[in-house]
Amino acid sequence: MSLYEFAQGLILEAGNKVRIMMKEDLSIETKSNPNDLVTNVDKATENYIYDAILRSYPDHRVIGEEGHGHHMEDINGVVWVVDPIDGTLNFVHQQEGFAISIGIYRDGKPYAGLVYDVMKDVLYHAKVGEGAFENNHELKTIDNTQLNQSLIGINPNWVTKPKMGPIFSEIVNQARSCRAFGSAALEIISVARGQLAAYITPRLQPWDFAGGLIILNEVGGIGSNLMGEPLTIESANSILVGNKATHNEILENYLNPHNEVLTELHQRFRK
């Protein structure tokens, strides 16, 4: 069994365990703020994935949202970047619209990405250079679109912020419309499926975007931070992903003119 096949089986089994645990009592805690939630299911799922990886690949390392490997000094070797429940608010309030996300990197270079929509039982996956898939169906290369003919993904809370709001409002006003789904991994997948032309947010952790970004790249999409710099799994970052035309239009016409403000905010958000 290849590493890629092992990862597919692991994420599907983790999702099955999530569905079973959802029938039991849910324990909910807060982290950085009252809306930053973590549940016993998040923790149990990450522990299950972590233990399974190290049983089969003891020399691999794991970066996980709920405590594993947050402060790695390097990303040498094989590193798994794991979000056990991406979209915890959706998980708690709606019992759907959340995903398990895994990105696998070798010496800092992407190897494979997997995003599992648990309640729909749909696995999005890609091995670098071999295309991206929705279950067994290969995803096609996404089309380029103009912003004024496109749906974009953005959390409306960011449009209300005093410094970031005016910048994002320009983008929202120019787009055909915008959507917020509450799971960064699934929003990146929506871009990879051509349902959204772009997804934008000032701050995501590596486990939020690592798996989805690999899938997006396999269908011709691109990602960067809000300054147009490459994304890495070594730290939190701002995020702009999209089809190439919309990504570049947003970057050049709406973000670059505010680069000084974005740089200041970017430095604060990454701390």
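Here are some friendly notes on the domains, the two sheets and one pocket of this predicted model.

1. **Overall layout.** The chain splits into domain 1 (3–138) and domain 2 (147–267). Their centres, taken over C-alpha atoms, are separated by 22 Å. Across the boundary, 37 residues of domain 1 are in contact with 20 residues of domain 2.

2. **The seven-stranded sheet.** One open sheet has seven strands in the order S3-S4-S5-S6-S7-S8-S9, with mixed pairing. Strand S3 (61–64) and strand S9 (137–138) are at the edges with a single partner strand each, so one side of each has no neighbour in the sheet. Helix H1 (residues 3–21) packs on this sheet, where it touches strand S4 (78–86), strand S5 (99–106), S6 and S7. The direction of H1 makes about 30° with that of S6.

3. **A pair worth displaying.** Within that sheet, strand S6 (residues 109–117) and strand S7 (residues 122–127) run antiparallel and are joined by six bridges. If you would like a residue pair to look at, Tyr116 stands opposite Leu123 in S7.

4. **The five-stranded sheet.** A second open sheet follows the order S11-S10-S12-S14-S13, and its pairing is mixed. Strand S11 (177–179) and strand S13 (222–224) each have a single partner strand, so one side of each is left without a neighbour in the sheet. On average, neighbouring strands here are turned by 20° against each other, direction ignored.

5. **S13, S14 and helix H8.** S13 is joined by three bridges to strand S14 (residues 237–242), and the two run antiparallel. Gly223 has Val241 in S14 as its bridge partner. Helix H8 (residues 244–255) packs on the sheet and touches S12, S13 and S14, its direction making about 130° with that of S14.

6. **Helix H6 and both sheets.** What does H6 lie across? In the five-stranded sheet, H6 lies across strand S10 (151–153), S11, strand S12 (198–204) and S14, running at about 155° to S12. H6 also lies across S4, S5, S6 and S7, at about 105° to S6.

7. **The second largest pocket.** This pocket has a volume of about 320 Å³. Its lining comprises 13 residues, and those nearest its centre are Gly97, Asp117, Lys120, Phe181 and Leu186. By class, the lining has five nonpolar, four polar and four charged residues.

8. **Where that lining comes from.** Domain 1 (3–138) and domain 2 (147–267) each supply at least three residues to the lining of the second largest pocket. Helix H6 (residues 184–192) gives the most, with three residues.

Conventions. Residues numbered from 1 in each chain as written. Predicted model: local features only at pLDDT ≥ 70, side-chain atom pairs only at ≥ 80, totals over all residues. Heavy atoms only, no water. 1 Å grid on protein atoms, 1.4 Å probe; cavity = no way out; pocket = protein on both sides within 12 Å on 5 of 7 lines; lining within 4 Å. Points joined across faces, edges and corners; volume = space filled by probe spheres on them. Helix = DSSP H or I, 4+ residues; strand = E, 2+ residues; numbered from the N terminus. Nonpolar A, V, L, I, M, F, W, Y, C, P; charged D, E, K, R; others polar. Domains from an automatic or database assignment. Pairing = 2+ DSSP bridges. Axes fitted to C-alpha atoms, helices over the stretch in contact; angles between N-to-C directions. Contact = heavy atoms within 4.5 Å.
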